[in-house]
Amino acid sequence: MIVKYNAKISGTGRYLPEKILTNKDLEKIVDTSDEWIVTRTGMKERRIAADDQAASDLAYEASLQAIQSSPIRSKDIDMIICATISADHAFPSTACIVQQKLGLKNFPAFDISAGCTGWVYAANIAKQYIENGAAENILVIGVETLSKITNYEDRNTCVLFGDGAGATIISRAEAKDISQLIDADISADGTHNELLIQRAGGSRMPASQKTVKENLHTVQMEGNKIFKLAVKSMYQACHTVLKRNHMDVQSIDWLITHQANMRIIQALGNKLKIDEKKVIVNIEKYANTSAATIPIALDEAIRNNKIRHGDIVLLASFGAGLTSGSLLFRL
Ligand code: UT7
């Protein structure tokens, strides 16, 4: 007989670097204004990692919090999946570095590159490992230090991004548990792979003096094309999981979407016809932290007593690839 277990979220944590970069600060760096940024994106400030802080440093702090908030101890972790596009190094994976920092070894640790959808991809992979019985407690991290690969001369991108980490423990649920990862849907449409890209530094365009001079190691984005695809793909991902589980939007207590633009969040909310009081937003404080936005917002909402044990939560994201995905769970 094949035994299938349920997976659940058993702990969350976050870490945001201390340094705050406000819209007013950005006015001094590029040709922009607080008014443009607030009305076009909803962002007011973002956090920036210190010169000596890499992705694994942020991820480690968030992971400690997640472990502390869960009933497990760090020695109970049997897998680490880290979602990031601004890793410490091209290799080894940031997950392996976090494993070392936590004093752990001898279990799988790997990174996922799915842009801003990375944490949703990682959580879905963790769900599979828990459900088939191959793991019991997986540390799932979303972390970015995008400030390190942002061109602060490009107003189209530099106002949008911030640094931060969110961590979650996904564990095997017990039979009596009401908490459960109910369903997830992840997808990609590679025909749009060039809309959001770090062109140089890989095998297509190895690092050279020319690539550095031409700023090709920084984030390049066609924002308004992504905008339209974002709403469509997140709506589709939400619709798929709701339909598959015979649920409608009324059954959802909370919606957390990727925090890329307030107008995208509102457009998705309107399309889903969800009460805006149920939509969690923190974009004004941290801006777009890519793979970290959802686990950060989730941790914040739990610690602020908004999302409570038993609540039904729908998460939706999109990002470089273009990737998209949703995750439906009961906390
Ligand atoms: O995390 C996943 C990936 N990223 C995203 O999801 C981003 C999705 N896209 C967006 O959020 C929006 O498209 C942006 C916020 C990036 C841009 O907003 P928009 O309303 O789509 O503006 P736009 O790109 O159509 O540009 C409108 C104008 C342009 O000027 P002209 O050509 O009309 O004179 C831009 O040059 O706004 C100008 N502009 C700015 N002005 C002041 C672009 N960036 C800025 C800026 N400050 N920072």
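Helices here are DSSP runs of H or I with at least four residues, and strands are DSSP runs of E with at least two, both numbered from the N terminus. With that in hand, the loop between β13 and β14 (323-330) holds leucine 322, and the peptide bond that joins glycine 321 to leucine 322 is cis, with omega about -10°. A second cis bond runs from phenylalanine 91 to proline 92, where omega is near 0°, and proline 92 sits in the loop between β4 (79-83) and α4 (94-101).

I should say that this is a predicted model, in which local features need pLDDT of at least 70 and side-chain atom pairs count only at pLDDT 80 or more, while totals for chains, interfaces and linings use all residues. Residues are numbered from 1 along each chain as its sequence is written, and side-chain values use heavy atoms, leaving out hydrogens and water.

Most residues other than glycine have a negative phi, and most peptide bonds are trans. Asparagine 106, in the loop between α4 and β5 (109-112), nevertheless has a positive phi of about 70°, and alanine 287, in the loop between α10 (283-286) and α11 (293-303), has one near 55°.

Which of these is buried and which exposed, taking buried as under 20% relative accessible area, exposed as over 50% and partly exposed as in between, with a 1.4 Å probe and protein chains only? Asparagine 106 is exposed, at 75%, whereas alanine 287 is buried, at 1%.

Finally, helix α9 (residues 262-272) has as its buried residues Ile264, Ile265, Leu268, Gly269 and Leu272. Just after α9, lysine 273 takes a positive phi of about 60°.
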